[in-house]
Amino acid sequence: LRSGGLVHGWGFGVHARTELEIPLPPAARRFRARAGLDASAGRGGCARALVLLRGPGADRILFQSPVLVGSASVTETGWLDLGGAEGREAASDRRLVLVADPVADGGPSGSDPLDIRDALDWLEPLLELDPRELRAEVRLRLPRLVPAWQGWEVEGAGGAAVLLENRFSERPAGWWLAASPALPFLKLSRTFDLEGGPGTLSLAERRDPGKPAARIRVAAGGRTLGDFDVPEGPRSGGLAPVRVPLAAAPGSRRLTVELYQVGWGAGVEWRSAALERGRADPGRTP
């Protein structure tokens, strides 16, 4: 993007008229950018840059540039307040709208007719996030980093109930993700449809040699189905999964299973927590 005699690192190049509508995360607080006609417009072209905040009610104009003719200069929006401190629900329904207006009526004399060369560049836009809101959003997304937890609900994840740490294993060499409870225990829950008959829950976890002990408890319907120590194990191979039989109550086909990881400072690598159908390898029993 070239404008104002400079090459700019990032941004959006559009042709007026164009509206870019960008959903804002709840943590968004301020926005700033520069705008100018692209160098391809030379001394011609004509456009105006507008920044709007779009919410459930009406659009609010945050910035409106003078009419820009030619690419010799750019305009600055300065930092624009996006609000968002009034609550997470309200803040999640905001959209930032970047408008490239061709100034079809009232354009300066001598500007190109028919919107010719109205190429506007949004230059190096920046979105400022609230650090506290950002940390909360990161905590909510942490469970997505563990493939074995996909489909499971991690209780209290938004309140930092889980700690995830990258650890290095020497034999074999490689990094792995260790999950530890930040509270007395880490709880996962998931409802399975057992319409096709009973199934088997296959669990494979490991912990580093020499690290604190950890236990996994499997419960459903108010009773414990299994309770086992997380073994020390190699990164690849040699670790048999624990398999827990699952069966729904008479007259029902659905079963909610709860997994509890107990052990302060015990980092556990969750490899799998999946429902198996049919005849399964016995593996280990809890």
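Guide: Let's start with a term: contact means heavy atoms within 4.5 Å. This is a predicted model, where local features need pLDDT of at least 70, side-chain atom pairs count only at pLDDT 80 or more, and totals for chains, interfaces and linings use all residues. Residues are numbered from 1 along each chain as its sequence is written, and side-chain values use heavy atoms, with hydrogens and water left out.

Visitor: Which residues does V257 touch, not counting residues up to four places away in sequence?

Guide: Leave out the close sequence neighbours, up to four places away. What remains for V257 is W152, L188, S189, R190, F192, L201, V218, A219, A220 and L246.

Visitor: Among contacts between residues at least 6 apart in sequence, what percentage join residues at least 24 apart?

Guide: Here we look just at pairs at least 6 apart in sequence. Of those contacts in the protein, the share joining residues at least 24 apart is 76%.

Visitor: How many of the protein's 286 residues count as buried, in percent?

Guide: Buried means under 20% relative accessible area, exposed means over 50%, and partly exposed is in between (1.4 Å probe, protein chains only). Out of 286 residues, the buried share is 43%.

Visitor: Is V138 buried, exposed or partly exposed?

Guide: V138 is found in helix α2 (helices, H or I, have at least four residues and strands, E, at least two; both are DSSP runs numbered from the N terminus). Its relative accessible area is 43%, so V138 is partly exposed.

Visitor: How many helices and strands does the protein have?

Guide: Helix α2 is where V138 is found. Counting up the elements, the protein has two helices and 22 strands.
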